[in-house]
Amino acid sequence: MWTKETLKELISDKLKDNLFIVASNREPYIHKFKADKITCFRPASGVVTALDPILQTCNGIWVAHGSGDADRKVVDFKNRVRVPCNDPNPKYTLRRIWINKAEEIGYYYGFSNEALWPLCHIVYAKPKFRESDWNHYKQINQRFADAILEEADGKDAFIFLQDYHLTLVPKMIKQVNPKAKIALFWHIPWPNPEVFRICPWKKEIIEGLLAADLLGFHIHYHVDNFLETVNHTLEAKVDKAGSSVVYQGIETSVRPYPISIDYDSIEKEAASKEVQNDIKKVKEELGITSEIVGIGTDRIDYTKGITEKFKAIDHFLETYPEYQGKFVFIQIGSLSRIHLDTYKKLNDEINGLVERINWKYSSDNWSPIIFIRKYFTPTQLLAIYRMADICLISSLHDGMNLVAKEFVAAASEKKGMLVLSQFTGAARELTEAITFNPFKPEDCASAIKSALSLPAKERKEKMQKMKAVIKENNIYRWSTKIINALLRLS
Ligand code: F6P
């Protein structure tokens with residue numbers, strides 16, 4: 001089994017004096033002012049969910065954009081703060097880098113989220129390529145590279161970069177320190193070469209990535225797409241059988257590593273008394289009296305298929321009227337990238353849709369959809385998972401989707417079934433889930449019906465099988481495999 005302890009051993013045996021530096025755009029802890037007080041919270045991000053337990057285990061350094069309005073107030077003169085922030089014994093160092101508004105518009109909102117994000121998620125949103133965004137993107141990637149090099153301070157370091165915000169960083173680091181050992185994990189899908197070829201800076205992006213020693217994707221399909229894209233873009237030696245690329249004398253291994261969660265700790269906490277107490281409190285707070293509860297929790301993003309999910313719930317209630325008055329769906333939505341028009345419009349569309357569906361079906365004491373934008377603590381979230389008969393994940397395209405795994409880990413043996421879009425990375429591993437095509441509301445509606453009608457024994461067996469898959473392939477296995485691969489390569 002792969003545990004916190006086995007990871008700790010690997011790190012102290014093999015990494016020895018090497019520093020372990022992680023970098024991502026999103027920081028794992030954000031400080032914000034709330035009624036003149038500084039509060040600290042963890043953002044909704046798969047990257048954070050997966051990497052925070054690892055950093056807590058290995059006392060590394062995490063370099064990220066300081067995006068909270070109180071972030072500058074709590075750092076030292078080197079822009080560092082120890083985290084987790086509410087822990088009396090903080091476990092690792094967060095090094096913040098600063099980005100001004102114009103840079104954020106170009107690098108984060110623009111090139112990362114209006115160009116690369118729609119380019120890589122096949123949901124038919126057109127990417128926007130602006131020269132000025134690209135220039136900011138290059139500039140901020142350089143800032144990340146400089147901060148990482150400063151943290152490494154000439155010592156041997158394992159540098160573990162995250163995601164599409166930092167594609168140029170491997171090359172920028174290697175230019176200064178060719179001996180640095182670099183892995184980059186791509187948390188979103190990688191499209192096929194036909195799709196990627198429209199990117200005006202495809203060559204620079206691929207060259208930036210190929211300076212890493214190791215590139216990780218969630219699934220084989222994305223690895224194959226990446227290798228094909230390299231073949232179409234550069235004069236490089238692509239070895240499909242060996243899953244590697246040699247470009248300008250540097251070899252890069254390209255491998256699938258399906259990301260996961262800290263299964264044991266989620267399972268344990270979900271069964272705790274605190275969570276049990278929170279179930280009652282949350283039910284009261286949300287006014288839930290219905291017998292059957294469905295839940296969903298997503299960042300409000302057009303790739304998550306939230307409007308498609310609500311249309312499917314409408315269809316479900318129309319097709320199976322016996323569930324009217326009995327079934328309630330709780331959707332938690334965390335606001336995201338709200339300065340972009342597409343996201344603002346999506347929010348408005350969701351509001352309108354919830355109102356229309358609730359108006360269509362509601363009675364004096366029942367409405368089918370409860371849509372909440374409020375922040376829930378991790379314990380409250382587990383309580384919500386635990387009270388659910390189904391968890392409905394309707395992403396139109398998703399690299400992995402860790403909510404699916406968290407739900408399975410948290411659900412009790414007696415209750416709960418996962419209803420999962422077939423276009424998530426998670427659907428490849430959790431083959432016992434009830435899967436559906438989110439582009440077809442009828443398909444999703446009948447998946448909900450099937451999940452709710454499963455005989456108890458079959459439901460339990462399916463959940464047990466999925467639990468076993470995630471327990472085995474947990475986050476410690478993911479990180480151990482990546483660290484081992486990096487060690488082998490160096
Ligand atoms: O997993 C993809 C991802 O874009 C992460 O990189 C990111 O932290 C998360 O989704 C949430 O998005 P954002 O950081 O833009 O709020």
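# Close-up views of the predicted model

**View 1. Strand E6 and its two faces.** Tyr92, Leu94 and Arg96 point one way from strand E6, while Thr93, Arg95 and Ile97 point the other way, and all of them are buried, where buried means under 20% relative accessible area, exposed over 50%, and partly exposed in between, with a 1.4 Å probe and protein chains only. E6 is therefore described as mostly covered, since 6 of its 6 residues are buried under that cut-off. The model is predicted, so that local features need a pLDDT of at least 70 and side-chain atom pairs count only at pLDDT 80 or more, whereas totals for chains, interfaces and linings use all residues. Residues are numbered from 1 along each chain as its sequence is written, and side-chain values use heavy atoms, leaving out hydrogens and water.

**View 2. The neighbours of E6.** Strands are DSSP runs of E with at least two residues, helices are runs of H or I with at least four, and both are numbered from the N terminus. Two strands count as paired if DSSP finds at least two bridges between them. E4 (61-65) pairs with E6 (92-97) in the parallel sense over 5 bridges. Within this pairing, Trp62 has Leu94 in E6 as its bridge partner, and His65 stands opposite Ile97 in E6. E5 also pairs with E6, but in the antiparallel sense and over 4 bridges, and here the bridge partner of Val83 is Tyr92 in E6. Strands of a sheet pair through backbone hydrogen bonds, either parallel or antiparallel.

**View 3. Strand E5 and the loop that follows it.** The side chains alternate along E5: Val81 and Val83 point to one face and are buried, while Arg80 and Arg82 point to the other face and are not buried. The peptide bond from Val83 to Pro84 is cis, with omega near 0 degrees. Pro84 lies in the loop between strand E5 (80-83) and strand E6 (92-97).

**View 4. The sheet of mixed pairing.** An open sheet is formed by 10 strands in the order E5-E6-E4-E1-E7-E8-E9-E12-E11-E10, and its pairing is mixed. Its edge strands are E5 and strand E10 (237-239), each of which pairs on one side only. Neighbouring strands of this sheet are turned by 20 degrees against each other on average, direction ignored, with the angles taken between lines fitted to C-alpha atoms, on a scale from 0 to 180 degrees between N-to-C directions.

**View 5. The sheet of parallel pairing.** Another open sheet has 6 strands in the order E15-E14-E13-E16-E17-E18, and its pairing is parallel. At its edges are strand E15 (369-372) and strand E18 (434-436), each pairing on one side only. In this sheet, too, neighbouring strands are turned by 20 degrees against each other on average, with direction ignored. Strand E16 (residues 390-393) and strand E17 (residues 417-421) run parallel and are joined by 4 bridges, and one detail to look for is Cys391, whose bridge partner in E17 is Leu418. Gln422 is found in the loop between E17 and helix H16 (426-429), and with a relative accessibility of 39% Gln422 counts as partly exposed.

**View 6. Two loop residues with positive phi.** Ala35 has a positive phi of about 45 degrees although it is not a glycine, and its place is in the loop between strand E2 (30-34) and strand E3 (37-41). Ala35 is exposed, with a relative accessible area of 76%. Asn59 is likewise not a glycine but has a positive phi of about 50 degrees, and Asn59 lies in the loop between helix H2 (46-58) and strand E4 (61-65).

**View 7. The ligand and its surroundings.** The ligand is surrounded by 13 residues, of which the closest are Arg26, Ser45, Tyr108, Asp163 and Arg337; a residue belongs to these surroundings if one of its heavy atoms lies within 4 Å of the ligand. By class, this shell has 6 nonpolar, 3 polar and 4 charged residues, where Asp, Glu, Lys and Arg count as charged, Ala, Val, Leu, Ile, Met, Phe, Trp, Tyr, Cys and Pro as nonpolar, and the others, Gly among them, as polar. A polar side-chain atom of Tyr108 lies 2.5 Å from an oxygen atom of the ligand. An N or O atom in the side chain of Asp163 is 2.5 Å from an oxygen atom of the ligand, and for an N or O atom in the side chain of Arg337 the distance to an oxygen atom of the ligand is 2.9 Å. Taken alone the ligand exposes 370 Å², and the protein buries 91% of that, with areas from the Shrake-Rupley method and a 1.4 Å probe.

Note on methods:
A polar contact is a pair of N or O atoms within 3.5 Å; within protein, one must be able to donate a hydrogen and the other to accept it, and residues adjacent in sequence count only if both atoms are side-chain atoms.
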